[in-house]
Amino acid sequence: GRHANSPPIARQPHLTYCLNIHPGDSWDEQFAAIQTYATAVRDRVWPTRAFGLGLRLSDASAHTLSNRARLDAFREYLNAKDLYAFTINAFPFGAFHGARVKENVYRPDWRSDARLAFTLRCADILATLNPPDGVGSISTVPVGYAPDFIARADTHRAMDTLITLARALAEREAMNGVCVRIGLEPEPGCVLETCSQTISFFDELHSRAGADAAAVERHIGVCLDTCHVALAFESPAETWAAFDRAGIRVEKIQISAALEFQGDPPASLAAFSEPVYLHQVRCRLSDSTLRKWNDLPEALAEWPRHASTTRVHFHVPLFWPGGNGLYPTTSTLDSSFWARIRSGDCPHLEIETYTFDVLPAELRDGTVVDSIEREFEWVKRQIDRT
């Protein structure tokens, strides 16, 4: 089968949070966030054991960190602090905080040599930092933003770039012994949004790879973001199982929740309409058809009659119980999902609530470290519950 090339994986999950919650796009800013926040989180949630980091690198910061002296110094810092790096969020190429990000987060996409070079730079950094079990994961754009892909030739060009990536990662593994795996992260409004779209894409990618098929199977899979799966009105556990049956490895799971409400939008929803990120909306009508909008203001301007259940792409804290007519989609994280997490089938787990700075005030209870700590405690409770 397609998983024959898998190296052994540790059954003990590596649980972290994504450092993209902290503002800063330069390496100096990102390193400062590790020193200030990640160590504070570690001291609260796992003070007596090594703590894994979910790095967030922009293209500019990856360039800076690629400097050998910088990278050696960072590796020494990690060793001294009992920290280790096992995953990188290489989805945003440029700025991710404080200014309009919206659809720019998907660009450049996988048609682009710049995206390829950035991702390989991140892979080299991760391999040098020596992830545990010799396996590192990198999450990335789900091919690209759907409106940017007009013709089949666009998708084929992206596939060819991904095949080049897989070949390069296989060559690197042969030299350094570290298997770096890329997780395309399905997301609303992108080339890969639903489970079936993702499976179709991978089927074509594998057949197009020809002699490189083994490298593609070993080095390219998916990053399953549970907020995004909920937006597709799909079950994380069932989606994971479907990927498995299709021979697509889940390289990393981002544990996250979207907003949900019933019927017409409650007044409290207006506070979530903000100018930095895209907040795609998916509304199931009473006849079970699905309405889609690229951003929350568009949906609010033309709200349909007969709305049943609506989900909004706005990452909310996992521990938030909901209120004022709004709820998190944590109910989609059911017992079968947590059982699969406990099995260690995908040992790379990352809490991803990057929206702290744009959350309405009532959801920002305490400092960012307080919020991350509460999310860790929530996840640990689910995992420990047998």
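This section describes a helix pair, a set of salt bridges and several backbone features in a predicted model.

Helix H4, spanning residues 113-128, packs against helix H5, spanning residues 152-176. The two axes lie 11 Å apart and enclose an angle of about 20°. Because angles under 35 degrees count as roughly parallel, H4 is described as roughly parallel to H5. The crossing of H4 past H5 is right-handed. On the H4 side, the contact is made by Leu116, Thr119, Leu120, Ala123, Asp124 and Ala127. On the H5 side, the contributing residues are Thr161, Thr164, Leu165, Ala168, Leu169, Arg172 and Asn176. By residue class, this contact comprises seven nonpolar, four polar and two charged residues.

The structure contains 28 salt bridges. One of the residues engaged in such pairing is Arg111, which forms a salt bridge with Asp154. The closest N and O atoms of Arg111 and Asp154 are separated by 3.2 Å. Arg111 is located in the loop between strand S3 (83-89) and H4, whereas Asp154 belongs to helix H5. The pair therefore links distant parts of the chain, its members being 43 residues apart. Both partners fall under the 20% limit for a buried residue: Arg111 has a relative accessible area of 19% and is buried, and Asp154, at 17% relative accessibility, also counts as buried. Beyond this pair, Arg44, Asp370 and Glu373 are joined into one network by salt bridges that share partners.

A further salt bridge is found within helix H3 (residues 68-81), where the side chains of Asp72 and Arg68 meet. The N to O distance for Asp72 and Arg68 is 3.3 Å. These two residues are four positions apart in the helix, about one turn. Asp72 has a relative accessible area of 24% and is partly exposed. The side chains of Arg100 and Glu103 likewise meet in a salt bridge, with an N to O distance of 3.3 Å. Glu103 counts as buried, at 18% relative accessibility.

Several backbone features were also identified in loops. The peptide bond from Arg107 to Pro108 adopts the cis form, with omega near -10°. Pro108 is situated in the loop between S3 and H4, and Arg111, the partner of Asp154, is in the loop between these elements as well.

Positive phi values occur at two residues described here, neither of them a glycine. Asp82, in the loop between H3 and S3, has a phi of about 60°. Val143, in the loop between strand S4 (135-140) and H5, has a phi of about 75°. Their solvent accessibilities are as follows. Asp82 is partly exposed, with 40% relative accessibility, whereas Val143 counts as buried, at 0%.

Taken by region, the features around H4 and H5 can be placed along the chain. The loop between S3 and H4 holds Pro108, at the cis peptide bond, and Arg111, which pairs with Asp154 of H5. H4 and H5 themselves are in contact through residues that include Leu120 and Leu165. The loop between S4 and H5 contains Val143, whose phi is positive.

Methods: Residues are numbered from 1 along each chain as its sequence is written. This is a predicted model: local features need pLDDT of at least 70, side-chain atom pairs count only at pLDDT 80 or more; totals for chains, interfaces and linings use all residues. Side-chain values use heavy atoms; hydrogens and water are left out. Axes are lines fitted to C-alpha atoms, for helices over the stretch in contact, and angles run from 0 to 180 degrees between N-to-C directions. Angles under 35 degrees count as roughly parallel, over 145 as roughly antiparallel, 65 to 115 as roughly perpendicular and the rest as oblique. A crossing is left-handed if the near helix is turned anticlockwise from the far one by less than a right angle, and right-handed if clockwise. Contact means heavy atoms within 4.5 Å. Ala, Val, Leu, Ile, Met, Phe, Trp, Tyr, Cys and Pro count as nonpolar, Asp, Glu, Lys and Arg as charged, and the others, Gly among them, as polar. A salt bridge is a side-chain nitrogen of Lys or Arg within 4 Å of a carboxyl oxygen of Asp or Glu. Buried means under 20% relative accessible area, exposed over 50%, partly exposed in between (1.4 Å probe, protein chains only).
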